[in-house]
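Please find below some notes on this model, set out as numbered points. They begin with a single residue and move on to the wider structure.

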Amino acid sequence: MNSLPSRLKNLSWGLLSLMGWPALALSQSTSAALLPSNSAAAVVGPIVLRDESVDQVLALLERWSGKTILRPQALPVATITLTLKGNVTRDEAIRALETLLALNGIGISPLDDKFLKVTALASAKAEAPELIDGSTLSLPPSGRIASKVFQLQFLKVTEFMPQIASMLNPAASSVPVVFESANAALVTDSLTNLQRIENLLARFDQPHLSNLRAKFYPLHFAKASEVVNKLRTILSGPLQTQLGTSTTYNPDDRTNQVILITDARQYAFFDDLIAKLDTKSDANTRNDVIYLKYAMAKDVASSLTQLVTTQNGAARKNGSESAASGAPVPAAATTPAGPAVANLATTATLKLEPTNQFSALLTVLPEERSNAIIVSGTEGDIRLINELVAKIDIILAQVRIEVVIAEVTLGDNGTTGISALGLKVEGGKLTGYTGATAGATLGNAPIVGSTDLAALIALSTTPRKSNANILSVPTILTTHGKEGKIFVGESRPMISSYLNDNSSVGGNTIGGGYRSTVNSKDIGIQLSVKPLIGNDGSVQLEIKQEVNDILGDITIDGNPQPRIGKRSTESFVTARSGEIIVLGGMQRTSESRSTSRLGPIPIIGDLLGSRSSEKTRTDLVFFLRPIILTNTPADNAPALERVEQFPVEQRDQVKSVIAPRPNKS
């Protein structure tokens, strides 16, 4: 039979159940633990909750904590189940209930010593949750919502906070508030998540150089900068990644040592590598003299030096070593039989393969007296330079430009010399002509090839003779990219300065009078042609024409000086070898007057006599025919044909001079 106190306890719990208290399946021995107690260490349990409502659990939490719960009318609906088999302290039981409520979408936020605020978990972060000043690691883990300011020492808050965003509870937390200038962030979440963040910071918020040490390697034979360049070449790519981004090695040429900063555990690797590089060895260099056949030593040495300097500079910029003494050299390009002819793109496309690099020991100097270049460098350097010289030192293509300069007198209806001569010009090139020859009438006759340009044009044999005059038939022989010039005219003296040497001393004039400085001025026709020869039989010509004429005299300081008229043009024409280029339009108008005087008195004679005034228009027409030479005897055929047209005596004299002579052994 139960005692009276036991019966009263059972009656009390029965009344509590009738009044709405949770239907707790508790043993009689632990029922007293449900009563309020001010001791955090008070023992409660064992406890078994089965599908209890939120209201019942909050009522139990209110009794265990001894605080009044403040809550909204509506909270998330949930049923709570909890089993505590053994005895636990009151604080442990409270933490269990806080965590269960958080898992079911309900947040608990302490307001002060008397009240607990209960809200939906999503709203708890905006309801002024508890701000923890100190470390959270000393607090028991719980699902209670709280806030904490994390102050970072070494990591950047803008880099660390995005990394932990996935760790936060999306229902309980908000986006961390970052204070970039203070390198800090305010995080609101459950207490357990705040403890995880604090643990991570304790592990990763460390100085980056905590394990790095500096070590100095004095070198005995090698140069510090060269050793570092080799290290960068050897350790580039994946190896550098394995060493870590914090590992650095730099040269100090002043003390000739390598400065290494890395983790001390990598010292052994660098000790062995640097010791192997700092060994005594003779430089693998030699000197060589390369004699040139066609190119100028000064030009070739300048081009090679510029190439070497540019390539080595690019290699240093990319962090790779320039020296490649043992690099394989590609086989030389096969050169076809016959004379080598350069084209416009020969030097523009000249380059080495990326793996063929020059060493820092290479030096190229010109020796102009013997037209050679002196090369000093490694075996690989010498091979590369010889290959380049073989491609550069070739015979440049040559061109013979036949020129006919004709002066055409234009009639009243004539517009240009080209039309007055009846020439058919298309694209600046002569394609045909119309007119009459002795005994034949031609209509748009095609151009027939001939070795004599003047004879082909036939200006002196057709009826055009009355209005056309061939002024000059020169020939320009030049090479690819070299300018050729001709001048037809005279050089006239002209006063460039005029000084008075007379001076007065005591009223007396002394001195020798006037003194003049005279220079010469070219008056006539100047033609300069610069060809660029393609390997397809085309020639691009840069043509400059200048014509100076004496228009009359003008008196300056009592000295007659000529008035010079100047006409100049600059043209760029592309033609095939053998095509005839026609350039006209350099016209001039001159006026001549004449009178017949009667009697000794000039004025009366002019009045009674006759006068005449005549204006004459002329046009200079230039015919140019470029012919690419093949460096064979066929190039001499035009000259030999002209020799055949000489008088017999002169022809025999020329042939006796140019005829090949037998070799005398």
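1. Serine 109 sits in strand β6. The model is a predicted one, and in it serine 109 is buried, with a relative accessible area of 2%. Once its neighbours within four places in sequence are set aside, serine 109 is in contact with Leu116, Lys117, Ala124, Pro129 and Ile145.

2. Strand β6 also contributes to a nonpolar core. The largest such core has 25 residues, and Leu58, Leu61, Trp64, Leu97, Leu101, Ile108 and Val118 are those with the most contacts inside it. At least two residues of this core come from each of β2 (47-53), α2 (54-65), β4 (79-84), α3 (90-103), β6 (106-110) and β7 (115-120). Helix α2 gives the largest share, 6 residues.

3. Leucine 101 shows how this core is put together. Leaving out neighbours within four places in sequence, leucine 101 is in contact with Val57, Leu58, Leu61, Ile106 and Ile108. Another core, of 24 residues, lies apart from the one just described; Ala397, Val529, Val539 and Met586 are among its residues.

4. Helix α10 covers residues 297-317, which makes 21 residues. From first C-alpha to last it reaches 30 Å, close to the 30 Å expected at 1.5 Å a residue. Which residues of α10 are buried? They are Ala297, Val300, Ala301, Leu304, Val308, Gln311, Asn312 and Ala315. Viewed down the axis of α10, these buried residues fall within an arc of 105 degrees, so they line one face of the helix. Lys298, Gln306, Thr309, Thr310 and Lys317, on the other side of α10, are exposed. The cover over the buried residues of α10 includes β16 (363-367), β17 (372-378) and α11 (379-392).

5. A search of the whole structure gives 17 salt bridges. In one of them, the side chains of aspartate 271 and lysine 215 meet at 2.8 Å, N to O. Aspartate 271 belongs to helix α9 (residues 267-277) and lysine 215 to strand β12 (residues 212-218), so the pair ties together parts that are 56 residues apart in sequence. Both ends are partly exposed: aspartate 271 has a relative accessible area of 30%, and lysine 215 has one of 24%.

6. Glutamate 402 deserves its own entry. Its side chain meets that of arginine 400 in a salt bridge of 3.7 Å, N to O, and that of arginine 625 in another of 2.7 Å, N to O. The pair with arginine 625 links distant parts of the chain, with glutamate 402 in strand β18 (residues 398-410) and arginine 625 in strand β31 (residues 611-628), 223 residues apart. How are the residues of these pairs placed, buried or exposed? Glutamate 402 and arginine 400 are buried, and arginine 625 is buried as well. Elsewhere, salt bridges with shared partners join Glu98, Glu130 and Arg144 into one network.

7. Two backbone angles should be noted. Aspartate 51 has phi near 50 degrees, a positive value in a residue other than glycine. Aspartate 51 is part of strand β2 and is exposed, with a relative accessible area of 57%. Asparagine 183, also not a glycine, has a positive phi near 55 degrees. Its place is the loop between β10 (177-179) and β11 (184-190). Asparagine 183 is buried, with a relative accessible area of 18%, whereas aspartate 51 is exposed.

8. The last point concerns confidence. The protein chain has a mean pLDDT of 76, and 75% of its residues reach 70 or more. Over residues 320-355 the pLDDT is below 50, although this stretch has 55 contacts in the model beyond near neighbours in sequence. Residues 436-446 likewise stay under 50, and the model has 22 contacts for them beyond four places in sequence. Where pLDDT is low, the predicted coordinates should not be read in detail.

Technical notes: Residues are numbered from 1 along each chain as its sequence is written. This is a predicted model: local features need pLDDT of at least 70, side-chain atom pairs count only at pLDDT 80 or more; totals for chains, interfaces and linings use all residues. Side-chain values use heavy atoms; hydrogens and water are left out. Helices (H or I, at least four residues) and strands (E, at least two) are DSSP runs, numbered from the N terminus. The expected span of a helix is 1.5 Å times one less than its number of residues. Buried means under 20% relative accessible area, exposed over 50%, partly exposed in between (1.4 Å probe, protein chains only). The arc is that of the directions from the helix axis to the C-beta atoms. Contact means heavy atoms within 4.5 Å. A nonpolar core is a set of buried Ala, Val, Leu, Ile, Met, Phe, Trp, Tyr and Cys residues joined through side-chain atoms within 4.5 Å. A salt bridge is a side-chain nitrogen of Lys or Arg within 4 Å of a carboxyl oxygen of Asp or Glu. pLDDT is the predictor's confidence in each residue, from 0 to 100.
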